[in-house]
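Please look over the sequence and the model shown below. The paragraphs after it go from one cavity to the strands around it.

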Amino acid sequence: MLVVMQTHATNAEIEHVVQAIREMNLTPHPLPGATRTAIGITGNIGAIDSRSLEVLPGVSELIRVTKPYKLASREMHEADTFIKVAQTVIGPGTCTIIAGPCSVENEAMILRTAEFMMENGVRLMRAGAYKPRTSPYSFQGMGLEGLKILDKARQKTGIGIVTELMDTENADAVEEACDIIQIGTRNMQNFSLLKRVGKAKKPVLLKRGMSATLEEWLMAAEYVMAGGNYNVILCERGIRSFSDHSRNTLDLSVIPPAKKLSHLPILVDPSHGTGKRDFVPPMALASLAAGADGLMVEVHPDPDHAASDGAQSLDFAAFKKLLAALKRLAEPLGKTVN
């Protein structure tokens with residue numbers, strides 16, 4: 001349900017409606033717009049008489065939202081959402097680049113990468129302090145020590161940090177050390193974790209589950225938003241299919257319907273989507289052409305000796321070449337690479 005307020009509704013009238021919704025044991029979600037405020041309602045509205053809200057001062061109309069993902073839907077929030085962090089803005093008209101190594105390996109490598117990114121206009125660096133790996137014998141990340149290294153890189157260079165949160169136990173430490181919290185594909189339906197980041201003060205980058213439908217993906221975003229954190233970024237990173245020519249099947253066809261159904265920005269991770277560094281640049285360009293609002297790319301100063309995912313990581317020279325190509329493509333598409 002969506003309560004649309006009149007254009008001249010006062011703050012007192014809006015607060016009155018919000019309080020009335022709470023008294024119905026429902027959750028109000030004020031959504032300020034350019035010309036008027038709307039108030040989304042989540043919860044069990046089946047037994048509620050909508051007329052009790054329609055007659056309140058300042059109310060224009062009530063609209064029933066048909067999609068199961070209420071807050072993530074364009075039915076409730078028609079305008080595109082822009083995610084603002086200290087370093088940049090993610091949303092339509094931009095091609096925001098998040099780049100860096102798969103994992104934190106040591107301080108020198110992270111600082112070198114952060115400095116390289118800042119020199120080339122990239123304001124967000126990805127790197128995992130905690131790494132979910134298929135094999136228990138693979139490198140699992142540096143944990144809390146890795147978070148300290150990322151925080152040091154942020155303080156020294158000013159770059160924004162994007163890193164993965166794997167469990168609720170480390171949520172406070174990860175939130176403090178990063179600018180954007182990443183939820184990986186294996187945790188897309190970890191509902192306890194989604195509820196926890198719903199209470200976080202940092203934006204959440206939500207990767208699509210490797211077998212998830214679009215609706216399941218948006219419902220996972222709904223979990224985060226229902227907790228009060230409306231700053232959610234979707235990230236397509238490839239799905240599991242019968243194809244064996246790449247690590248995953250990068251589903252760029254999901255971008256147009258995702259943008260039609262949801263107001264949330266969407267990024268693409270061509271590194272995990274292909275698993276092979278030679279395939280990353282062409283799929284990165286294809287992602288931008290398909291309407292993505294940005295990219296998440298694995299970049300390492302020495303990919304052949306990376307502790308994890310070196311085969312899909314670009315070196316600095318290849319990444320600079322990709323950046324130049326993205327800028328050439330972005331201009332006719334009306335986008336700015338940042």
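By class, 2 nonpolar, 3 polar and 3 charged residues line the largest cavity of this predicted model. The residues in that lining are Arg 126, Ala 127, Gly 128, Lys 131, Val 162, Thr 163, Glu 164 and Gln 182. Strand E9 supplies the largest share, with 3 residues. The volume of this cavity is about 30 Å³, and the count of cavities of 30 Å³ or more comes to 1.

Two of the lining residues, Glu 164 and Gln 182, also lead into the strand pairing. Strand E9 covers residues 160-164 and pairs with E10 in the parallel sense, over 3 bridges. Within this pairing, Gln 182 of E10 is the bridge partner of Glu 164. Between the two strands the chain passes through helix H5, residues 171-177, and this β-α-β crossover is right-handed.

How do the side chains of strand E10, residues 180-183, point, and are they buried or exposed? Ile 180 and Gln 182 point one way, while Ile 181 and Ile 183 point the other way. All four of these residues, Gln 182 of the cavity lining among them, are buried.

E10 has a further partner in strand E11, residues 204-207; these two strands also pair in the parallel sense over 3 bridges. Here Gln 182 stands opposite Leu 205 of E11. Helix H6, residues 191-197, joins E10 and E11 in a right-handed β-α-β unit. Gln 182 thus appears in the cavity lining, as the partner of Glu 164 and opposite Leu 205.

Notes
Residues numbered from 1 in each chain as written. Predicted model: local features only at pLDDT ≥ 70, side-chain atom pairs only at ≥ 80, totals over all residues. Heavy atoms only, no water. Buried < 20%, exposed > 50% of the residue type's maximum accessible area, 1.4 Å probe, protein only. Helix = DSSP H or I, 4+ residues; strand = E, 2+ residues; numbered from the N terminus. Pairing = 2+ DSSP bridges. Right-handed = clockwise from strand over helix to strand, strands pointing away. 1 Å grid on protein atoms, 1.4 Å probe; cavity = no way out; pocket = protein on both sides within 12 Å on 5 of 7 lines; lining within 4 Å. Points joined across faces, edges and corners; volume = space filled by probe spheres on them. Nonpolar A, V, L, I, M, F, W, Y, C, P; charged D, E, K, R; others polar.
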